[in-house]
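This report describes the spaces in one protein model and the ligand bound to the protein. Two backbone features are treated at the end.

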Amino acid sequence: MTAVGIDAIEIRTGKLRLDLPNTFAPKKGEDPEKYTKGLGLEASSFPDVYEDIVTMGANAAKRLMDRKGIAPEDVGRIDVATESAFDHAKPVSTYIAGCLEQVYDGDFRHANKGERKFACVAGTQAIDDAYNWIRAGRNRGRSALVIATDTALYERGDPGEATQGAGAVAMLVDEDPSIVELSTDQGYGSMDETDFLKPNQQFPSVDGKRSVQVYLSRMREALEDYEAVAGPVGVEDVSYAPFHTPFPGMVRKAGLFAYRHITRDSPVEDEIAAAIGRRQPREDEYDSREAYEEAIREYMDELKGAEQYREWYAETIEPTLELSRVVGNWYTGSVHLARASALRHAAARGLDSEFVGRRLLVGSYGSGAQAEIHAETVRDGWREEIEALDIDDQLESRYDLAFEEYEQVHDVHDFDKSVEVEELTAPEAEFVFTGWGRMNERT
Ligand code: CAA
């Protein structure tokens, strides 16, 4: 069977930066360590007034197409995943295709376009759709362009405000991919939930504390469902585990849950038991579900301090958080940033061909709520592709917002037409939002 997976990736950050410990925390009267240590965040990316989900997505896609030498006729499908869409009828992919058609000979009239929605898991669902389309043999040799793009903004004063971010990740899904091959096996945990929703509103209504529990429950179910089809996951099988990262502190919790799950009934559990003096609780040892859950909580508290867990976390999870720590939540793009962070870490460690064939365990999550677990296998072009990213330069050149500027920019992205704010950075040969009716022109 020909391998199908992610052949290329480009990342586009919003051009503004909000420093959480030094600019945001003092104005909120909070200890900066709540952000840096508690949530695990240093900064958020924000879009300048001329950026939006279309410009960020189109700018990422343009760089990807140019770098890979791809013309519109090579792309048979454009799917955009977003939870920041401004149009209930026309998909964001048509706006992005319109931008790209300004700069290429040829057009995308042959391409199937759509918009995928299931909160943050939609980026992964769009990749799955592209995978299935290619596997079904409907692609006629063409590749699929998947773009995850969001302005992840919350109402000011909402606890989620600290976790905001904005950016796009463009990915090319193709046969014989350079970066990772997707496995056919997937596991799901899915249930109707109202932890985070945006019914006809720009900013979400969020039950933050509950959303954390829903994330963990659906992710556990997805892992169990994945194991039911792919067999048990072993600690040694996985080099990195990129998870959806609304903020790194969330993945710290998810990592602990996942580790307990994958070490159960394994020789590693014996090693840990020798170190902390107890084995994992089994449900049949307890009289009630509550007593069992309490025992699990106590076990997890001890597991946190076990050397085996700390080493695994440092190698497998911590490296996936590097980008999100400095850009915040990108919703649909977030798990794809986590994958990119992991691969950047592998390159920085000097890995090359010995990394080919290693596995990533990818945990995607969308509120409302659904988690998906699947595995990916590293391919032999991974390093060249990851080294081609220019995200470090983009991060370095972001404009540092003063708190008052942050509030104004936030209002602009709430579609508050009464706010007139000068752009804070200068557009450079890129797609820009020029106002409703004259949208998205190329400078
Ligand atoms: N020093 C060190 N740590 C500190 C600290 C300090 N001075 N002050 C607080 N902390 C720690 C807290 O102990 C806590 O850590 P634990 O959870 O490990 O105990 C952490 O910092 C956060 O503190 P709070 O819980 O007090 O923070 P909060 O209540 O203000 O907000 C939140 C947390 C509810 C998650 C909020 O950020 C939120 O609503 N976020 C949006 C929703 C979200 O991201 N949910 C995640 C799952 S849903 C999802 O993943 C989909 C999505 O993308 C939205």
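In this predicted model, the element that gives the most to the lining of the second largest pocket is α6, with six residues. Besides α6, the helices α1 (20-28), α2 and α7 each supply at least two residues of that lining. The second largest pocket has a volume of about 770 Å³. Its lining comprises 36 residues, and those nearest its centre are Pro 159, Gly 160, Thr 163, Gly 208 and Phe 247. By class, the lining of the second largest pocket divides into 16 nonpolar, eleven polar and nine charged residues.

The second largest pocket is also where the ligand sits. Three elements give two or more residues to the shell around the ligand, namely α2 (32-39), α6 (208-230) and α7 (248-263). Whereas α6 gives the most to the lining of the second largest pocket, α2 gives the most to the shell around the ligand, with five residues. The shell holds 26 residues, and the closest to the ligand are Lys 34, Lys 209, Ser 211, His 244 and Lys 253. In terms of class, the shell consists of twelve nonpolar, eight polar and six charged residues.

Which side chains place a polar atom 2.6 Å or 2.8 Å from the ligand? The table lists three such pairs.

| Residue | Side-chain atom | Ligand atom | Distance |
|---|---|---|---|
| Lys 34 | polar atom | oxygen | 2.6 Å |
| Ser 211 | N or O atom | nitrogen | 2.8 Å |
| His 244 | polar atom | oxygen | 2.8 Å |

The side chains of Lys 34 and His 244 thus each face an oxygen atom of the ligand, while the side chain of Ser 211 is paired with a nitrogen atom. On its own, the ligand has 1000 Å² of accessible area, and the protein covers 73% of this.

The largest pocket is a separate entry in the description, with about 900 Å³ of space. It is lined by 28 residues, and the closest to its centre are Phe 257, Arg 260, Ile 296, Arg 297 and Met 300. The elements α6, α7, α9 (289-303) and α10 (307-317) give two or more residues to this lining. The lining of the largest pocket has 14 charged residues, together with nine nonpolar and five polar ones.

The account now turns to enclosed space. How many cavities of 30 Å³ or more does a search of the whole structure find? The search finds two.

The largest cavity has a volume of about 100 Å³. Its lining is formed by Leu 216, Met 219, Arg 220, Leu 223, Phe 243, Ala 254, Phe 257, Ala 258, Arg 260, His 261 and Ile 373. Both α6 and α7 supply at least two residues of this lining, and α7 gives the most, with five residues. Eight of the lining residues are nonpolar, one is polar and two are charged. Phe 257 and Arg 260, which line the largest cavity, are also among the residues closest to the centre of the largest pocket.

The second largest cavity contains about 50 Å³ of space. The residues that line it are Val 233, Val 238, Ala 241, Phe 243, Ala 258, Ile 262, Trp 312 and Leu 361. This lining has eight nonpolar residues, with no polar and no charged residues. Phe 243 and Ala 258 belong to the lining of the second largest cavity and also appear in that of the largest cavity.

Two features of the backbone remain. Most residues other than glycine have a negative phi, and most peptide bonds are trans. Against this background, the peptide bond from Gly 368 to Ala 369 is cis, with omega near 5°. Ala 369 is located in the loop between β12 (359-366) and β13 (370-378). The second feature concerns Ala 119, a residue other than glycine that has a positive phi, near 45°. Ala 119 is found in the loop between β5 (112-116) and α5 (122-135).

Key: Residues numbered from 1 in each chain as written. Predicted model: local features only at pLDDT ≥ 70, side-chain atom pairs only at ≥ 80, totals over all residues. Heavy atoms only, no water. Near = heavy atom within 4 Å. Polar contact = N/O pair within 3.5 Å; in protein donor to acceptor, adjacent residues only side chain to side chain. Areas by Shrake-Rupley, 256 points an atom, 1.4 Å probe, with all protein chains shown as cover. 1 Å grid on protein atoms, 1.4 Å probe; cavity = no way out; pocket = protein on both sides within 12 Å on 5 of 7 lines; lining within 4 Å. Sits in = over half its atoms within 2 Å of the grid points. Helix = DSSP H or I, 4+ residues; strand = E, 2+ residues; numbered from the N terminus. Nonpolar A, V, L, I, M, F, W, Y, C, P; charged D, E, K, R; others polar. Points joined across faces, edges and corners; volume = space filled by probe spheres on them.
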